[in-house]
Amino acid sequence: MTSVRNPSGQSTASIGIILPHAYRGGTFRLFRSICRYFAKFPELNVVSAVPATGSQIETLSEWVKEQEFNNLQACEFSFETYNENEAKEILKKSGIVAKQFISDSYYLPKDSSGLLMDCTHWFFVSDRIMEVLLPLKPYGIFVTDHLHRYYPYIFHENAYAAQEYCIWNFQRNIRNADLCVASTDGTVEDVVSFSGATGKIIKVPIGMDVEHFLQLINKCGEGQDGCSFTFPYFIWVTNSSHHKNHENALLALKKFFGQNARLHIVVVGCNTDLFSPNIEANLCDSRRAAASDAYISRIRNMIAEEFEEYSDRIHFEGEVTDERYVQLLRDAEFLWHNVIADNGTYSIIEAACLGVPSVSSNYPQVKEICDLLQLNVRYFDPYDVQRTAQALLEGPDPSVIDRQCTIKRVCTTGHEEWTDELKKSLIEIDSPRKCLEYL
Amino acid sequence: MLRVSVKQKKVNVGFWIEPEVKDLSSLSSDDSFKWITHIVRGAVALPYVNSICLCCPSGREDLLSRVVDFKHEKVQVLGLKTLDAFVYTLNDVSDLDSRRDKLEVAVEKAKMRWKPNSIESDRRFPMKRVLERRLESIAIFAASWSGYQLARLVGFFKKRFSNSSFRVRFDEDLGDAKPSVWIVANPAWTGAGNLPGDRYLIIPEVDFTNGLMLEQTNEWIESLKTFIRTNLETSKKIICFSHEVANSQVKPLLASDRPVHVLKHGVDSSLPECAVSKTAMADLLREKLRTHKLNRHFCDFPFENVDYIFIGDCTRTVSGMQYAITAYEQLLRRYRLNCKLFVNSDLDSNPVVSRLLHSRGLVFDVFQTPPLDRTLYASLIKHAKCLLVPDRPDGVIPISYYEAATLGTPVAMCKTSINSGVYGESTWTGREFFHKSDPHDIAECVRYVLENQDEVRKTQFEQYMNLADRNWSAVAEELLS
């Protein structure tokens, strides 16, 4: 294994933090938070790697320059694919034995400068790795969620056969991992009972980028620059993914509108503007392609048919800037979080930081987070349209949110507060396993 | 209680057994096989039972020995070498002709003789299309089916569509141990049709309207009834496990007012001795998965770390399994019960169930066990959060219910039309019973059982204790009396 020295000349481990997909938004922020977390330890060298297929490298490089660390660098990488024979050859050269090769293809992350291959450890931010990793380095995985266990159609509707292949690979990578990290008990349980992780499993606080959000609040200026809506509304933060339970949500919303003539709804999130029956005609090619997606079309048609009489009460904002998001959230009467399953959501926490209460579907991860932060959320069963409508009619829990206390509590869950357990757990794995039963 | 038989004549008892599925796990969990195993254990203890001969089609002796996991000097397992059957094909169906090669291979596998014939010449054949579909199904699935599943169908066709001889020759093999009493534990086992001597026909139920693969047409059901009627008439003794089945299912099929005996189960208190720790069980399972057939997902799965619901008997109906799987999906996804479903069967061998598992994305949460020996079977029940009995014959308390009670595992079981009082069933009406065709009710029932484990376990153990003094020798004694 390559011995690495950091600029201070200290003998050190070198961690490759790898983002397997060109994620944006929350996962990219999480990735940066984790890079920052490891870079805080001066004895480590940290290589943050983003896929060459995406455009994150510029953002990442800029961000790295802004950081106060000199042990952090950025690179682009690609996964190289190998068949069984090639994989055997690579492992043989590394002195690693696998008794049975049970996977179809194998992956190695490679960058042009060989930085990742020089690392002593790898840490993947997300388990969505499409082929089975060749474990040339001890590696850890941050498992964001196991959504596919609860909503198996998330990748492509009616394409489950291909998805089964992907899920099998996700699971195999988790099972072969030396370390799995999750941020909720629910996901930890899934890592054990669904993926069958055999390595060490640790739970870390939810890792919300609190600092970023508090800066946004300050930037938007509390009480100023309102969202410009003159009607009372509640906000539905969602996106066009299937697990966001749109069909049940809309059925419940219709019932709600039938009994409540006051509140409007503002729908916010990536591609949600494409749900609008009044979709713009001059969309760019990629947006037009997204708009013609079967699922999005179905929801759009549903809205056109079912909400004709309420069309002036639904407002589709689509993907908005962070500042606009804060404005819309701050002026809402409450936030509506409606999903079949997820790894919790930051939106309820963000709302609470602005003093806005929430009505949320009940699932273990969100309940865990809300209980931890003492957010008085009203829950409903996302499968039950009637109860969902009832929860909307009743509105959020009437107890007043103490914003300052909430912010204080939320600050304890940020990555800044992570202990060195994650670092220790990864670093203490001093070499790859020399003998694997199945790969 | 064991009755004392004075001057009882020595008898040789024969069991005719047709292992009709390829998978040992399915067989070992089948109530008919369990019943045979227990009865054999009970019968050897009877002084007037001279010998017990377990007969099956040739080539299945090893399988049978493992299913009826019992060794005793009185007991021998015998494979009968000559099994003749005819298969009819539709000569005018070109698609079928093109698949004949596959069918021939499968028939060869079943050690049956392939004798193509023309259905057109048979005037008694009333349902050409039905047969056509059946044979097409056979041709399609021949490659993946075991020979004996096929043999069962072929036997059925033979019985249904022809009266030519279909018989077992055994005289040369049995010698002095030639049975004077034959026990046939399933009325659909066609191989027992011409057994000589007294034949005792066991009928757990008459409900073949939901069998594996077969299309459930009214014609098919009627033809099966005809076969069973013939079987009933030629049997010396007819035995059911409940008055419900005897009165409402069997008696209507009888031409005369013959008696139908009701024989209740006994209990086997030896199962707990077989169970091992959860860690040892996990090791055994992984070992089985390595040696049986490699299961890529579960070959190194840490079974010791997960909770699970166990379906121990699943050779019942396809719909029962479909409802149970749908209920499990609700438990997992809607109620977020972090539990796997372990099923003692090869569900993939059934296209309907397999398709359900894949389409619902449940293949990683529903674990199909490899063939189970007694140790693994007992251990899997013992460490389950709950035993689920999705389906069973009317009026019959399944053997696994008692097995779970002895191992301290609560049971969620389907409701049945029990009104006989044979088992003291008036109390079998709690919330641990569900409507078998209502997945939501099944899910609610399992939730109730899991949330009230101690209470349910206690009630069910009391039920078990009601039968605890009835061992299987007493059952065998009653059967042979």
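**Exercise 1. How many aromatic pairs are there over all chains?**

Before we start, note that this is a predicted model, in which local features need pLDDT of at least 70 and side-chain atom pairs count only at pLDDT 80 or more, while totals for chains, interfaces and linings use all residues. Residues are numbered from 1 along each chain as its sequence is written, chains are lettered from A and ligands numbered from 1 in the order in which they are written, and side-chain values use heavy atoms, with hydrogens and water left out.

*Step 1.* Use this rule: rings of Phe, Tyr and Trp (its six-membered ring) pair if their centres lie within 6.5 Å; planes under 30 degrees apart count as stacked, over 60 as edge-to-face and the rest as tilted.

*Step 2.* Over all chains, the count comes to 35 aromatic pairs. One of them joins A:Tyr37 and A:Phe41, edge-to-face, at 5.4 Å centre to centre and 80 degrees between the planes.

*Step 3.* Check the surroundings: A:Tyr37 and A:Phe41 are both buried. Buried means under 20% relative accessible area, exposed over 50%, partly exposed in between (1.4 Å probe, protein chains only).

*Step 4.* Look over the ring of A:Phe41: the charged end of A:Lys423 sits there, 4.7 Å from the ring centre. A charge sits over a ring if NZ of Lys or CZ of Arg is within 6 Å of the ring centre and within 35 degrees of the ring normal. In chain B, B:Arg447 lies over the face of B:Tyr335, 3.8 Å from the ring centre.

**Exercise 2. Classify the ring pair of A:Trp236 and A:Trp336, and place it in the chain.**

*Step 1.* The ring centres of A:Trp236 and A:Trp336 are 4.9 Å apart and the planes meet at 45 degrees, so this pair is tilted.

*Step 2.* A:Trp236 belongs to strand β12 (residues 233-237) and A:Trp336 to strand β15 (residues 335-337) of chain A, so the pair ties together parts 100 residues apart in sequence. Helices (H or I, at least four residues) and strands (E, at least two) are DSSP runs, numbered from the N terminus.

*Step 3.* A:Trp236 counts as buried because its relative accessibility is 3%; for A:Trp336 the value is 0%, so this residue counts as buried too.

*Step 4.* Both belong to a cluster linked by ring pairs, whose members include A:Phe234, A:Phe256 and A:Tyr310.

**Exercise 3. Which residues have the most contacts inside the largest nonpolar core?**

*Step 1.* A nonpolar core is a set of buried Ala, Val, Leu, Ile, Met, Phe, Trp, Tyr and Cys residues joined through side-chain atoms within 4.5 Å.

*Step 2.* The largest core has 83 residues, and those with the most contacts inside it are A:Trp122, A:Phe124, A:Leu134, A:Leu439, B:Leu388 and B:Val446. Its largest share, eight residues, comes from helix α13 (residues 318-334) of chain B.

*Step 3.* Follow A:Phe124: leaving aside residues up to four places away in sequence, it touches several residues, among them A:Ile18, A:Phe79 and A:Phe142. Contact means heavy atoms within 4.5 Å.

**Exercise 4. Compare the settings of A:Gln374 and B:Arg336: is each buried or exposed?**

*Step 1.* A:Gln374, not a glycine, has a positive phi of about 55 degrees; phi of B:Arg336 is near 50 degrees, also positive in a residue other than glycine.

*Step 2.* A:Gln374 lies in the loop between α14 (364-372) and β17 (378-380) of chain A, and B:Arg336 in the loop between α13 and β11 (340-343) of chain B.

*Step 3.* A:Gln374 counts as exposed because its relative accessibility is 51%, whereas B:Arg336, at 15%, counts as buried.
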